[in-house]
Amino acid sequence: MRSRTVPASVLAGIGAYVPPRRVANEELAERLGRSPDWIFQRSGIRFRHVVEPGTTSGDLAVAAGREALSRAAVGDVAAVVVATTTPDRPCPGTAPSVASRLGMTGVAALDVQAVCAGFVYGLGVAQGLIAAGTADSVLVVGTDTLSLNVDPADPTSMLFGDGAGAVVLRAGHDEEPGALGTCVLGSDGGGRDLITVRGGGAEERSAAGGVPADPYMRLEGREVFWRAVEHMTSASRAALEAAEWKAEEADRIVAHQANARILAVLAQRLGVAADRVLSDIERVGNTSAASIPILLDRADRAGDLAPGHRVLLTAFGGGLAWGATTLVWPRLASAH
């Protein structure tokens with residue numbers, strides 16, 4: 001029997017979208033009983049973008065996906081993977097609607113729910129579809145509207161903004177620029193209460209007494225901080241080892257934009273210079289599953305990512321879930 005060569009997943013296009021409304025720390029300060037400087041010192045965030053009434057995660061995903069498709073010379077894709085923890089509806093998934101709105105009826109489409117690690121998980125799912133021969137190209141979108149899921153009185157609400165980012169992956173060769181390395185993925189469900197929305201699921205509906213569960217996202221900030229550092233560091237080291245790179249050989253590290261202090265400690269743990277860790281959290285906040293592709297898109301446009309750069313991606317989110325992968329940055333078509 002002739003053996004089949006397993007195709008690699010190669011980055012062919014990228015796009016991002018954030019809603020126009022920008023919320024500065026000054027707008028949050030009085031509500032939270034904190035100063036704008038306190039918010040910045042604790043988070044590294046000065047602004048975040050939030051959706052207006054009537055705008056959904058799916059709307060943002062369509063805008064980002066359209067841009068990514070326009071920059072990829074593959075035409076329509078064979079599958080759509082949407083990573084989100086704020087789907088347009090509990091049922092059905094958001095991905096089929098996004099695919100349809102992008103003019104692709106009949107393609108495989110599914111949601112991935114790994115909260116802030118969702119985009120890296122989505123890359124892993126897409127990589128599997130391409131390797132199996134199920135799809136020769138996949139649109140992967142990270143999209144979230146967490147401004148709709150946070151308690152306005154909770155200080156952690158200052159962290160979150162809305163947005164979407166997307167990439168197109170195509171089948172190719174593992175030596176090509178843009179080819180994804182091994183996707184290292186992990187989880188620990190014992191920490192599910194550290195980042196959670198208790199309301200709206202089967203637990204609430206099956207509970208005795210009929211007392212509504214908390215509808216807002218809650219997070220245990222101190223514990224999440226150290227878990228994020230621990231698991232992004234270990235996943236990053238595993239992904240670097242699979243790529244046969246030393247940490248100092250990574251030209252750019254693109255981590256989930258949760259908190260500026262987490263990024264600083266991650267750089268220290270990996271032993272890399274802080275200026276190699278890209279960040280735009282100051283301008284957009286924590287956009288959950290969208291944070292990595294938004295940052296990749298902005299860095300590519302700004303020239304902070306150049307063809308040939310060795311790039312490490314890593315993320316951590318609710319679940320608990322985490323992941324990392326690598327690629328050599330390709331030359332992408334210019335944005336329209």
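How many disulfides does the structure hold? I began my notebook with that, and the count came out as zero. A reminder to myself before going on: this is a predicted model.

**Entry 1: the cysteines**

I looked up Cys-116 and found it in no disulfide. Its nearest cysteine sulfur belongs to Cys-183 and is 17 Å away. A disulfide needs two cysteine sulfur atoms within 2.5 Å, so a gap of 17 Å rules this pair out. I then checked from the other end: Cys-183 is in no disulfide either, and its nearest cysteine sulfur is that of Cys-116.

Next I asked myself whether Cys-116 is buried or exposed. Cys-116 has a relative accessible area of 10%, so it is buried. For Cys-183 I noted 14% relative accessibility, and this residue counts as buried too. The cut-off I used for buried is under 20%.

**Entry 2: strand S6**

I moved on to strand S6, which covers residues 137-145. How many of its nine residues are buried? I found nine of nine, so I wrote the strand down as mostly covered.

Then I sorted the residues of S6 by direction. In a regular strand, side chains alternate between the two faces of the sheet. Here, Ser-137, Leu-139, Val-141, Thr-143 and Thr-145 point one way. Val-138, Val-140, Gly-142 and Asp-144 point the other way, and the residues of both groups are all buried.

**Entry 3: the partners of S6**

Which strands pair with S6? I found strand S4 (residues 79-83), which pairs with S6 in the parallel sense over five bridges. For one example I picked Val-80, whose bridge partner in S6 is Leu-139.

I also found strand S7 (residues 162-172), joined to S6 by nine bridges, and these two run antiparallel. Here I looked at Thr-143, which stands opposite Ala-164 in S7.

**Entry 4: a four-stranded sheet**

My last stop was an open sheet of four strands, in the order S8-S13-S12-S11, with mixed pairing. Where are its edges? They are strand S8 (184-187) and strand S11 (252-255), and each of them pairs on one side only. I noted a twist that averages 15° from one strand to the next.

Inside this sheet I followed strand S12 (residues 310-317) and strand S13 (residues 321-328). They pair in the antiparallel sense, and I found eight bridges between them. One pair to find in the structure is Gly-317 with Ala-321, its bridge partner in S13.

Conventions
Residues are numbered from 1 along each chain as its sequence is written. This is a predicted model: local features need pLDDT of at least 70, side-chain atom pairs count only at pLDDT 80 or more; totals for chains, interfaces and linings use all residues. Side-chain values use heavy atoms; hydrogens and water are left out. Buried means under 20% relative accessible area, exposed over 50%, partly exposed in between (1.4 Å probe, protein chains only). Two strands pair if DSSP finds at least two bridges between them. Axes are lines fitted to C-alpha atoms, for helices over the stretch in contact, and angles run from 0 to 180 degrees between N-to-C directions.
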